[in-house]
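Good morning, colleagues, and thank you for making the time. I would ask you to have the sequence and the model on your screens while I speak.

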Amino acid sequence: MRASARITLATATAALLIGCVSGPAASKSSKPEPSGPAAGEKVLVFSKTAGFRHDSIPEGIAAIKELGAANGFTVDATEDAKAFTAKNLAKYDAVIWLSTTGDVLDGKQQSAFEGYIKKGGGYVGVHAAADTEYDWPFYGGLAGAYFQSHPAIQPAKVQVEDHGHPSMAHLPGIWDRTDEWYNYRSNPRDRAHVLASLDESSYTGGSMSGDHPIAWCQDYQGGRSFYTGSGHTKESFADPAYRTHLLGGIRWATGASQADCRPEKGYTPVFDGTAGSLEAWKQAGPGSFSLNEKDGTLTTVGGMGMLWYDGAKELGSYSLKLDWRMDGDDNSGIFVGFPPSDDPWSAVNNGYEIQIDATDVPEKTTGSVYGFKSADLKKRDEALNPPGEWNTYELRVEGERLRIYLNGVKINDFTNTDPARSLTDGHIGIQNHGADDQVSFRDIRVKDLPARSANGAGR
């Protein structure tokens, strides 16, 4: 690490403290922001089989009912396809296809379910849901991929690709678990957002040429679709990590939690949760960040300060993605478009801050370009997860145009007209605001975009 870093030890976790900077302090009000949909969702578990029947289905139904009782959503379960009418499906925020197999719906029932999804309904596919309805193209697109084959039940390493999704936020970078690992007829990566994939070198029988998605999500024809390939064994439904994984998928599918489920390819990690990935980062000003390599997070300590990325070149036209979480009424932000400097105020005076703050005036709260332009507050509030949960920002810079996406929803569109500033080149940094503010970051990644005109025209 750089000479300015200081290393300490935390309980059960090595913590790396790195000096960090800031923008101006923001005043705080006592009124909290809206935190998204309230509890009280209702889901239908559908487990009809017309082919192989998994003996874990009863355990799966029981586990989902327990999750519902503990997390405020109601669960009905059925194997009767007659439940698939427009009137009945309208009662539910999501339908969970629990290891269904074969042709389980007739044409009229299929039409009812298509209408339900197109009106905003949610789908959760568990394991053999991919071994279902091969002659129904809508369902194949919704599930994301069809089952092809599987080897024997065995341990494997699951590589978590997106910690920002609620189904993955609790997991380490590598999730070791035992299950029946499906191979699929096609790779869903181009059309769905892959949340986790299998390391085919960690087990025998993988046949997807090293790119083997095993959990994914997508927005599909007006609805939400989450699929997990795990869940063959009875033991899965007693495993706390798997239950939390399934719960996160259900919460996202019902709309109780938000995440960015757009397909994602071509990003380069600039902070991947390891100390080594911080070698290219520098500090400016006081304060620090604590690195927890167990969960791959950087958390603010003290302040004020900023940690900025001193890569091989300044960034011009690019997409920056990162996940962030605040504990309560906290304050932080992401700076873009500033020149390299050991003076933290260089970022304040020459760049722009995209704010993270639970409470403040519109132009200085979450999603704003700090002091310059408020987010669309209605869209922001609908997309925002509450304190304690992860959120994902995409900051898309093209020319002098900066667009801000929160959990996949565009909430701000800003164009720089200040001749003293420019977004066409510069650096990125994360803010350490003050001793009372606790904000965590992880999975910071960047993708170069084609050069655009100064105002980002062409998109």
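**From one loop residue to the sheets**

Let me begin with A435, which touches G302 and G303 once residues up to four places away in sequence are set aside. The C-alpha atoms of A435 and G303 are separated by 5.7 Å, although the two residues lie 132 residues apart along the chain. Where in the chain does A435 lie? A435 belongs to the loop between β25 (427–432) and β26. Is A435 buried or exposed? With a relative accessible area of 59%, A435 is exposed, because exposed here means over 50%.

I should state plainly that this is a predicted model, and that every value I quote is computed from it. As for the chain as a whole, it has seven helices and 26 strands. Of its 459 residues, buried ones make up 58%. The chain exposes about 17,400 Å², and carbon and sulfur atoms supply 51% of that area.

The two strands that flank the loop of A435 lead us to their pairing partners. I take β26 first. Strand β26 (residues 439–448) pairs with β19 in the antiparallel sense, over eight bridges. Within that pairing, Y318 stands opposite D448 in β26. Strand β19 is also joined to strand β22 (residues 391–398) by seven bridges, and these two strands again run antiparallel. There, L322 stands opposite Y393 in β22. How many of the nine residues of strand β19 are buried? Eight of the nine, in the stretch 318–326, are buried, so β19 is largely enclosed by the rest of the structure. As general background, the side chains of a regular strand alternate between the two faces of the sheet.

Now to β25, on the other side of the loop. Four bridges join β25 to β20, and the two run antiparallel. F338 stands opposite H427 in β25. Strand β20 (residues 331–338) pairs in the antiparallel sense with strand β21 (residues 352–357) as well, over six bridges. In β21, Y352 is the bridge partner of V336. Strand β20 is mostly covered, with eight of its eight residues buried.

I turn next to another sheet. Nine strands form an open sheet with mixed pairing, in the order β4-β3-β5-β6-β13-β12-β11-β8-β9. Which strands stand at the edges? They are β4 (74–78) and β9 (174–179); each has a single partner strand, so one side of each is left without a neighbour in the sheet. From one strand to the next, the twist averages 20°.

Towards the β4 edge of that order, strand β3 (residues 42–46) pairs with strand β5 (residues 94–98) in the parallel sense, over four bridges. In that pairing, V43 stands opposite A94 in β5. Helix α1 (residues 57–71) lies across β3, β4 and β5, and runs at about 160° to β4.

Strand β13, another member of the nine-strand sheet, brings us to a loop and a helix. The loop between β13 (223–228) and α5 (240–254) holds T233. T233 has a relative accessibility of 10% and therefore counts as buried, the limit being under 20%. The side chain of T233 makes a polar contact with the side chain of S236, at 2.8 Å. Leaving aside neighbours within four places in sequence, T233 is in contact with S56, I153, T178 and D179.

The helix that follows this loop is α5. D239 caps the N-terminal end of α5, where a side-chain oxygen lies 3.1 Å from the backbone nitrogen of A241. Does the length of α5 agree or disagree with 1.5 Å a residue? The 15 residues should span 21 Å, and the end C-alpha atoms are 21 Å apart, which agrees. Eleven of the 15 residues of α5 are buried, so the helix is largely enclosed by the rest of the structure. Among the buried residues of α5 are Y242, R243, H245, L246, L247 and W252. After α5 comes G255, whose phi is positive, near 90°.

To close, I return to the contrast between the two loop residues: A435 is exposed, whereas T233 counts as buried. Thank you for your attention.

Definitions and conventions: Residues numbered from 1 in each chain as written. Predicted model: local features only at pLDDT ≥ 70, side-chain atom pairs only at ≥ 80, totals over all residues. Heavy atoms only, no water. Buried < 20%, exposed > 50% of the residue type's maximum accessible area, 1.4 Å probe, protein only. Polar contact = N/O pair within 3.5 Å; in protein donor to acceptor, adjacent residues only side chain to side chain. Contact = heavy atoms within 4.5 Å. Pairing = 2+ DSSP bridges. Axes fitted to C-alpha atoms, helices over the stretch in contact; angles between N-to-C directions. Expected span 1.5 Å × (residues − 1). Areas by Shrake-Rupley, 256 points an atom, 1.4 Å probe, with all protein chains shown as cover.
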